[in-house]
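Colleague: I've got the model open and would like to go through how its pieces fit together. Could you take my questions one at a time?

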Amino acid sequence: MSFQSTDVVVKEIRAVLAGEQARGLFAAVAADRSAGREPDPRPLYRLLGDRGLLAVNWPAAYGGRDLPGRCAAAVVGELIAAGVPEVLHTLSVQICGNFILASGTDEQRAALLPGLASGAITMTVLYSEADVGSDLSTLETRAERAGTGWRITGRKVYSVKTAFADYGLVAARTSTEVTPYQGISLFLVPLDAPGITIGTLDSLADEDFADVRLDGVEVPSVAVVGPVGGAWPLITEALALERTGVDYVAKADLWLRTVKVPDAARADYGRLRTRVAAAHALAARCVDQLDSGRVDPVGAAATKYWTSETARAVAWWCTDVGDPAALRPGRLDSAYREAPGLTLSAGTSEMMLELVANSGLPAPDADLPAGEEPLAVELRKAVRAIATAYDERDPARACWPELAKLGAFQLGALGLGLRAQVVCCAELGRELHDDGFLDTLTALDGVDEPEADSDLSRLWTDEREVVRTGRDAAAVPAAARIRRAAWLCGLAAGCLARTVQRARLREQFGRPLIANQDVAFRLARLKIQHDAAWALITELAGRQDDGTLQESLAAGVLAEAGTLAVTTTREALQLHGAFGMTAQSPVSRYYLAAPAAVAADAPAADLYAEAGEQA
């Protein structure tokens with residue numbers, strides 16, 4: 001249903017932006033740019049807002065359409081693709097509007113949300129200060145009691161599109177408490193109020209930074225959002241709304257689609273295309289979680305890191321290899337100038353790594369991944385129980401009878417499809433079990449219940465019969481590549497969990513190895529890379545089941561999972577030290593298994609090149 005709704009919203013937006021009225025407004029934007037002025041996108045917003053297309057995921061009572069979050073993400077993507085300056089929309093609707101929807105009072109929602117949804121009102125975030133950086137707990141802007149209201153004094157910098165905004169969401173300290181994270185409050189401040197001066201700071205990007213000075217700005221008590229002095233938890237939760245990465249993904253996708261790729265750079269293009277697809281899958285998962293009310297700050301941080309780092313890499317790569325004559329005027333130049341800010345806004349990459357390192361690293365006995373469907377959770381538990389009961393000391397294929405009883409060979413025939421198979425493959429990869437299992441599943445692709453006297457029928461029982469496909473790499477179907485990618489992703493997960501455990505237990509110079517920030521960040525990067533690869537694997541498995549898969553992406557995700565597996569095992573050996581090279585090491589087997597498993601299909605460079613074939 002959500003995909004159908006998304007298609008409807010996309011068609012509506014495209015129709016509006018292709019209309020005669022929109023053409024005149026686009027001409028005004030182009031004229032502003034040509035004259036060196038910052039374009040005013042508000043007339044375009046109002047055009048879309050009149051048709052209920054700015055805040056489609058909000059309740060109808062506030063000007064929305066009660067649609068899923070993926071539809072709202074599609075709106076952002078369409079604005080970027082059409083060349084509409086989208087930052088003010090993201091600030092107004094995606095960040096401030098969603099924040100008020102979640103944490104504002106009924107009066108605040110009624111006063112602001114309909115206007116934001118129609119484009120009649122715009123907002124910006126005023127958190128950052130010149131000497132504070134990303135640590136809001138040290139902010140210096142203060143709000144003091146003034147009669148029944150508040151008086152705010154301070155300076156806010158680095159916000160964008162502020163000259164076009166009607167309100168600012170201002171963070172200010174209202175009291176000094178035991179910890180610096182207490183005593184911070186949020187205020188809704190009209191930006192035309194007496195005492196506000198808005199200047200500009202030149203920026204490399206298209207949008208200038210604002211320099212906002214608040215000199216005794218008075219606001220009523222109803223301007224406070226959330227509890228007085230208790231804004232920090234709200235800010236933390238709201239940051240997850242900023243970190244879905246949907247805008248980064250849309251920009252990266254646009255830049256890749258507009259660059260002319262030299263033949264010699266085909267593999268690099270395929271690698272970036274695969275990573276953008278993984279970024280899209282991560283962002284969609286993050287949006288779905290927000291839709292369900294499950295705000296996972298660590299997952300949002302991982303998503304923001306991967307999407308912004310990927311978009312920045314795309315911008316720089318397009319600049320390095322692109323033919324400016326083949327691009328729309330100014331787009332490549334704009335992307336290059338915007339690139340550094342992508343990994344700074346909504347929290348720097350280093351902050352995201354710290355969040356993941358502190359709260360999101362796995363252990364061998366960690367809980368199963370959150371957010372999976374109940375059937376997938378039960379399947380994962382069952383396969384993990386089987387896989388952990390056997391190791392390299394057991395005969396080859398010793399776990400096959402139990403897998404057969406579980407129905408691991410029948411998942412396709414039972415109608416559960418590739419979605420279920422990849423879960424099974426990942427759990428087996430985690431414990432390095434294969435022994436022809438992946439080849440057997442490939443042989444069974446498209447085979448219904450076999451005849452009783454068929455060799456394949458033995459797989460439905462407890463007999464250990466291995467079926468080899470005999471196919472070369474060029475003939476391996478997409479499903480086989482996605483399964484192998486899942487197995488390699490599981491290998492990386494198992495190796496990473498054991499490495500995290502080692503880094504927590506091993507001490508050097510009187511402290512755990514993981515207390516070294518470089519070590520913690522290296523592990524966090526691997527965890528995020530794993531999450532991105534797994535998000536793409538599960539999305540592609542679903543597309544294969546639904547008949548909508550682009551087969552070139554199956555090659556790309558296999559290359560990405562293979563790269564992840566090899567990189568993880570090499571880091572693991574390094575962090576285990578000399579012990580890692582011994583037979584007793586829990587990671588030496590992973591180190592030896594990874595390159596052999598990757599080579600079972602084709603070199604990663606060839607797979608990336610296949611993923612880079614442009615239509």
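Colleague: Let's start with α15 and α17: is the crossing where α15 passes α17 right-handed or left-handed?

Modeller: Keep in mind that this is a predicted model. Helix α15 covers residues 417–430, and its axis is 7 Å from that of α17, at an angle of about 40°. That angle makes α15 oblique to α17. As for the hand, the crossing of α15 over α17 is right-handed.

Colleague: Which residues in α15 meet α17?

Modeller: Start from the α17 side, where the residues met include A479, I482, R483, A486 and W487. Further along α17, G490, L491, A493, G494, A497 and R498 also take part. Facing them in α15 are L418, Q421, V422, C425, A426, L428, G429 and R430.

Colleague: And how is α16 placed against α17: roughly parallel or roughly antiparallel?

Modeller: Two packed helices are described by the angle between their axes and the distance between the axes. For α16 (residues 437–444) and α17, the axes are 10 Å apart and the angle is about 155°. The cut-off for the antiparallel class is over 145 degrees, so α16 is, relative to α17, roughly antiparallel.

Colleague: Which residues of α17 make that contact with α16?

Modeller: α16 passes α17 in a right-handed crossing. On the α16 side, the contact is made by L438, D439, L441 and T442. Their partners in α17 are A480, R483, R484 and W487.

Colleague: What about α15 and α16: how close do their axes come?

Modeller: These two cross at roughly 165°, and they are therefore roughly antiparallel to each other. The crossing of α15 past α16 is right-handed. In the contact, Q421, C424, C425 and L428 of α15 meet F437, L438 and L441 of α16. Their axes come within 11 Å.

Colleague: What is phi for L432?

Modeller: L432 sits in the loop between α15 and α16. With 18% relative accessibility, L432 counts as buried, because the limit is under 20%. Most residues other than glycine have a negative phi. L432 has a positive one, near 65°.

Colleague: Where is A346, the residue with a positive phi of about 60° although it is not a glycine?

Modeller: A346 has 17% relative accessibility and so counts as buried. Its phi is positive, about 60°, and it is not a glycine. You'll find A346 in the loop between α11 (331–342) and α12 (349–359).

Colleague: Why do the buried residues of α21 line one face of the helix?

Modeller: In α21 (residues 604–611), the buried residues are L607, Y608 and A611. Looking down the axis of α21, they line one face because they fall within an arc of 100°.

Colleague: Which elements do those buried residues of α21 pack against?

Modeller: The residues in question are L607, Y608 and A611. Their packing partners include α17 (478–505). The full set is α9 (266–291), α17 and α19 (551–576).

Colleague: Which elements do the buried residues of α7 pack against?

Modeller: Helix α7 spans residues 232–242, with L234, I235, A238, L239, A240, L241 and E242 as its buried residues. Strands β5 (184–190) and β8 (224–225) are among the elements they pack against. The full set is α5 (87–103), β5, β8, α9 and α10 (297–321).

Colleague: Is E78 buried or exposed, and which residues is it in contact with beyond its neighbours within four places in sequence?

Modeller: E78 lies in helix α4 (residues 69–82). Its relative accessibility is 11%, so E78 counts as buried. Leaving aside those neighbours, its contacts are V10, I13, R14 and L17.

Colleague: Which residue's side chain makes a polar contact with the side chain of E392?

Modeller: E392 is in the loop between α13 (374–387) and α14 (400–406). Its C-alpha is 9.4 Å from that of E431, which is 39 residues away along the chain. The polar contact, side chain to side chain at 3.4 Å, is with R589.

Colleague: Last one: which residue's backbone oxygen lies 3.1 Å from a polar atom of the T258 side chain?

Modeller: T258 is in helix α8 (residues 246–258). At 17% relative accessibility, T258 counts as buried. The backbone oxygen lying 3.1 Å from a polar atom of its side chain belongs to W255.

How values were computed: Residues are numbered from 1 along each chain as its sequence is written. This is a predicted model: local features need pLDDT of at least 70, side-chain atom pairs count only at pLDDT 80 or more; totals for chains, interfaces and linings use all residues. Side-chain values use heavy atoms; hydrogens and water are left out. Helices (H or I, at least four residues) and strands (E, at least two) are DSSP runs, numbered from the N terminus. Buried means under 20% relative accessible area, exposed over 50%, partly exposed in between (1.4 Å probe, protein chains only). A polar contact is a pair of N or O atoms within 3.5 Å; within protein, one must be able to donate a hydrogen and the other to accept it, and residues adjacent in sequence count only if both atoms are side-chain atoms. The arc is that of the directions from the helix axis to the C-beta atoms. Contact means heavy atoms within 4.5 Å. Axes are lines fitted to C-alpha atoms, for helices over the stretch in contact, and angles run from 0 to 180 degrees between N-to-C directions. Angles under 35 degrees count as roughly parallel, over 145 as roughly antiparallel, 65 to 115 as roughly perpendicular and the rest as oblique. A crossing is left-handed if the near helix is turned anticlockwise from the far one by less than a right angle, and right-handed if clockwise.
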